[in-house]
Amino acid sequence: MKLYQLFGSKYEYLKGKKAFLFDMDGTLIDSMHLWSIPGEKFPGGFEEKREFIRGHYETTVMPKPYAFQLLALLKKHGVPVCIASDTSKELAAGMFRRFDLEGRVDFYIGSNEVGEYKQTSMKIFHAAAERFGLTPGECIVVEDRGKYCKAAKAEGFGVIGVYDPACEGELPDMKASCDQFLMDFSELLRSAGEEI
């Protein structure tokens, strides 16, 4: 089913779009509050912070509201979906097991696999689109960071911005650059006729 048909004709930006490329932290998973802890809080440096976050991925981190319901809806209708994240799959392995994330998407791609992180380029989203055999103009990037929404939009992707408290300061950039801004995914689900 075409995305434009699935979510209703009020979303003009979905015309011609065929796939969703989701960020993970702060978009699908409620974990940005962990990444936002200042590095000086960890005497062992970034490696200690990574292990702290790994422990939370394995035990406490939860999905954002309605995120998995949206993934299930997209999968049900055969919409190509991936996760494109700065977080490596190795670091997030415990969370993948807890929530069967691999069973919810077509594939996961980490910035470590493409050699560049989002703060320097949108290479990860281009790589994800290519893996689907699609152009940027046929894909929707879903992000919680305003600067990445702005950069993805500038490179031809459709963009949905999703609110996360840790990125409050980036809301002006996000709202100015994305095709749609969401507080959570309930609006898309309701548009598709799903019960909330």
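A residue is called buried here when its relative accessible area is under 20%, exposed when that area is over 50%, and partly exposed in between. These terms recur throughout this tour of a predicted model.

**The whole chain**

Begin with the entire chain displayed as a cartoon. The chain contains 11 helices and eight strands. Its C-alpha atoms fill a box of roughly 50 × 30 × 30 Å along the principal axes. The radius of gyration is 16 Å, which agrees with the value near 16 Å that a compact globule of 196 residues would have. If the display is coloured by accessibility, buried residues account for 50% of the 196 residues. Switching to a surface view shows about 8,900 Å² of exposed area, of which carbon and sulfur atoms supply 51%. Among contacts with a separation of 6 or more, 65% are between residues 24 or more positions apart.

**The sheet**

Next, select the strands of the open sheet. Six strands form this sheet, in the order S5-S4-S1-S6-S7-S8, with parallel pairing. At the edges are S5 (107-110) and S8 (180-182), each of which pairs on one side only. Neighbouring strands are turned against each other by 20° on average, direction ignored.

Helix H4 (residues 67-76) may now be added to the view. H4 packs on the sheet and touches S1 and S4 (81-85), and its direction makes about 150° with that of S1. Helix H9 also packs on the sheet, where it touches S6 and S7; the direction of H9 makes about 170° with that of S7.

**Strand S6 and its neighbours**

Select residues 139-143, which constitute strand S6. How many residues of S6 are buried? Five of its five residues are buried, and the strand is mostly covered. Display the side chains: Cys139, Val141 and Glu143 point one way, whereas Ile140 and Val142 point the other way. In a regular strand, side chains alternate between the two faces of the sheet.

On one pairing, S6 runs parallel to S1 (residues 19-22) over four bridges. To locate this pairing, select Phe20, which stands opposite Ile140 in S6. Four bridges also join S6 to S7 (residues 158-162), again in parallel. Here Glu143 stands opposite Gly161 in S7. Adding H9 (residues 146-154) to S6 and S7 completes a right-handed β-α-β unit.

From S7, proceed to S8: these two strands pair in the parallel sense over three bridges. Val162 has Leu182 in S8 as its bridge partner.

**Met24**

Select Met24, in the loop between S1 and S2 (29-30). Is Met24 buried or exposed? Its relative accessibility is 0%, so Met24 counts as buried. Beyond its neighbours within four places in sequence, Met24 is in contact with residues including Ile29, Tyr57, Ile83, Met95, Phe96, Leu101 and Tyr108. Gly94 offers a reference point for distance: Met24 and Gly94 are 70 residues apart in sequence and 14 Å apart in space, C-alpha to C-alpha.

**Helix H8 and Gly133**

Move to helix H8 (residues 123-132), in which Ile124, Phe125, Ala127, Ala128 and Ala129 are buried. The buried residues of H8 pack against S1, S4, S5, helix H7 (111-114) and S6.

Following H8 is Gly133, with a positive phi near 75°. Gly133 belongs to the loop between H8 and S6. With a relative accessibility of 62%, above the 50% limit, Gly133 counts as exposed. For a view across the model, select Asp173 as well: Gly133 and Asp173 are 40 residues apart in sequence and 29 Å apart in space, C-alpha to C-alpha.

**Two loop residues with positive phi**

The tour ends at Tyr66 and Asp100. Tyr66 is located in the loop between S3 (62-63) and H4. Its phi is near 70°, a positive value in a residue other than glycine. The relative accessibility of Tyr66 is 30%, which lies between the 20% and 50% limits, and therefore Tyr66 counts as partly exposed.

Finally, select Asp100, in the loop between helix H5 (93-99) and helix H6 (101-104). The phi of Asp100 is near 50°, a positive value in a residue other than glycine. At 47% relative accessibility, Asp100 counts as partly exposed.

Methods
Residues are numbered from 1 along each chain as its sequence is written. This is a predicted model: local features need pLDDT of at least 70, side-chain atom pairs count only at pLDDT 80 or more; totals for chains, interfaces and linings use all residues. Side-chain values use heavy atoms; hydrogens and water are left out. Buried means under 20% relative accessible area, exposed over 50%, partly exposed in between (1.4 Å probe, protein chains only). Two strands pair if DSSP finds at least two bridges between them. A crossover is right-handed if, with the strands pointing away from the viewer, the path from the first strand over the helix to the second runs clockwise. The radius of gyration is taken over C-alpha atoms; the globule rule is 2.2 Å times the number of residues to the power 0.38. Contact means heavy atoms within 4.5 Å. Accessible areas come from the Shrake-Rupley method with a 1.4 Å probe; for residues, only the protein chains shown count as cover. Axes are lines fitted to C-alpha atoms, for helices over the stretch in contact, and angles run from 0 to 180 degrees between N-to-C directions.
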